[in-house]
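Welcome, and please load the structure in your viewer. We will go from one selection to the next, with a short look at what each one holds.

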Amino acid sequence: MSHALALLSGKGIGKRFGGLQALSDVTFTINHGEIFGLIGPNGAGKTSLFNVLTGIYSQDGGEFTFDGLPLTGLKPHEVAARGIARTFQNIRLFANLSALENVMIGRHVRTHAGVWGAISRSAATRSEEAAIEKRAYELLEYVGVEKRANALAKHLAYGDQRRLEIARALATEPKLLALDEPAAGMNATETASLKRLLGDIRHDGTTILLIEHDMKLVMSVCDRVLVLDYGKKIAEGPAAEVQKDPAVIAAYLGGEVTLNLKGTA
Amino acid sequence: MGSLFDPKENPRAAWIGLALIAVALVALPFALAEIGTAWVRITNLAILFVLLSLGLNIVVGFAGLLDLGYIAFYAVGAYVYALLASPHFNLHLPFWVILPIGAAVACMFGALLGAPTLKLRGDYLAIVTLGFGEIVRIFMNNLSQPVNITNGPQGITLIDPFSIGDFSFAKTEVFFGLTFTGPIKYYYLLVLIVLAVIVINLRLQDSRIGRAWEAIREDEIAARAMGINTRNMKLLAFAMGASFGGVSGGIFSATQGFISPESFVLVESVMVLSMVVLGGMGNIWGVILGAVLLSFVPEVLRYTVEPVQRAVFGRMLIEPEVIRMLLFGLALVLMMLFRPAGILPSAVRKREFEAKRAA
């Protein structure tokens, strides 16, 4: 991978929670325009890596370089401003606001109206508001939940909530969209349409970082994959190659020992 | 707001409705004065509570930050006015100079309370704000030594009424054959201020800032991940809420002519919070309704409980004050059971899209 292509690179990322080494010395590179999978068994450190990347936790070691500049020490809202947007494993929508307002809030970081603008309703503020609303509606159409624009987020069907979270993240105009298990709990039809959506997002120029347990989805949409196990990188490379990697197979199937445990659990 | 007042959907009904409300607001004090000037004063106090509730609603209703010490900002505004417009320091600045100062000082106190509590939520925030409210009151009580600033528990007396040049809000005057007493003049001023505050609140709520507050209320972590600077937005909510409290405090000082720390006890904070919760947290019309109800019902009871009991039982069995607290408690319990989101819960803001572009 040439360096000119790299959008995000993590170098020696480490994170410890008390006695638990959640991440140790994780190094990887995500290139412009690819769908990059992040997989690993439960507790492997995937979500921890997300939280460190997006500034919710600070890492104990290592450094992220995003779009040519370091991310270290930035707060979550600064990371969002730099162009990384995320979704959450357990959906975190603004439950008592409408679907449209959820996406409009995503526009916050790219808009400017302050208190005086809001109170005076100046021409600039009004046109900005109109633009926010228009863009939010377009994004709802993009992910396919525009018919529920005025419904409260909490009243949306599960699959629609996942899509709404993606629309809200896209509203921040990210260069990198980080999705934490977007297909979790989806049925086959929903997963298929999610797959199409991911393809569209990449096609429209946004790089995607994807945590996912649905291996069929990962193997079919991801260009390259990073595999974590117990906080350590065990493989990184094209999906097809990683799939055959003995270390990955051992981690997933747990080798002989865990196979036995599986039978008794 | 219902579609009745939506000027786009129903322009004629909206204008007629607004005109009727305007006429009612203009005529109200004269109707009340017929019953007794006391009722005009009670109405003025109710409007002050509407102002306070609208201020607290920014913090509690919009941003979701439970504040149990809100009355402290009212106290700050009241003392700023009292100190700058009374014989105490022999300062007599005009009210239109002091009210902005009061708002600014209260705003500063709001940020002062907000800064150390940024990471607190729910119960913890409630405890700290409660403590803050008490600290401010106790300061007012004790700042008479070594330098006498607040005059301690005796409070400050002979506070100037509002006046512009020779026009004083305290004097009774006759215009166009109508008698304008002091309270009636204040009433009109208060109505103007409250209308301005309502417009400010409505516009703030439906703006980028208002949405950021609501995002923090709904899910702070998601709000941060969406690029909202939660620290600044929370401080802004505290500061804006506090400045409304400061303005209300200044008006309170001027209308009462006397203030002491006793006016700013914890129960007052609880009262304002009850108004916000009872009416419907986050809904401006609900909050106004809550404030009006909780200000008027006790006063109505004060004047009716005794005669009713005398008529029914021939003597007074239960003191009005006891009945008041009893009904108040009962009302809150019933509310929590049947309308936990308030009398007028905040509704989804429906938006219309210029064209039905959706297939």
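Start by selecting strand E4 of chain A, residues 61-66, together with E5(A): the two pair in the antiparallel sense over two bridges. To see one partnership up close, show Thr65(A), whose bridge partner in E5(A) is Pro70(A). Keep in mind as you look that this is a predicted model.

Now widen the selection to the sheet around this pair. In what order do the four strands of the open sheet run? The order is E2-E1-E4-E5 in chain A, and the pairing is antiparallel. At the edges you will find strand E2 (20-31) and strand E5 (69-70) of chain A, each of which pairs on one side only.

Next, add helix H1 of chain A, residues 46-53. This helix lies across strand E1 (6-17), E2 and E4 of chain A, and relative to E2(A) it runs at about 70°.

Then move along to strand E9 (residues 224-229) and strand E10 (residues 232-238) of chain A, an antiparallel pair with six bridges. Pick Val227(A) here, and look across to Ala235(A), its bridge partner in E10(A). Which residue in the turn of this hairpin has a positive phi? It is Tyr230(A), at about 50°, and two residues lie between E9(A) and E10(A).

Finally, colour by confidence. Chain A averages a pLDDT of 90, with 94% of the residues scoring at least 70. Select residues 256-265 of chain A, where the pLDDT is below 50; in the model this stretch has three contacts beyond near neighbours in sequence.

Key:
Residues are numbered from 1 along each chain as its sequence is written. Chains are lettered from A and ligands numbered from 1 in the order in which they are written. This is a predicted model: local features need pLDDT of at least 70, side-chain atom pairs count only at pLDDT 80 or more; totals for chains, interfaces and linings use all residues. pLDDT is the predictor's confidence in each residue, from 0 to 100. Two residues are in contact if their C-beta atoms, placed from the backbone, lie within 7 Å. Two strands pair if DSSP finds at least two bridges between them. Axes are lines fitted to C-alpha atoms, for helices over the stretch in contact, and angles run from 0 to 180 degrees between N-to-C directions.
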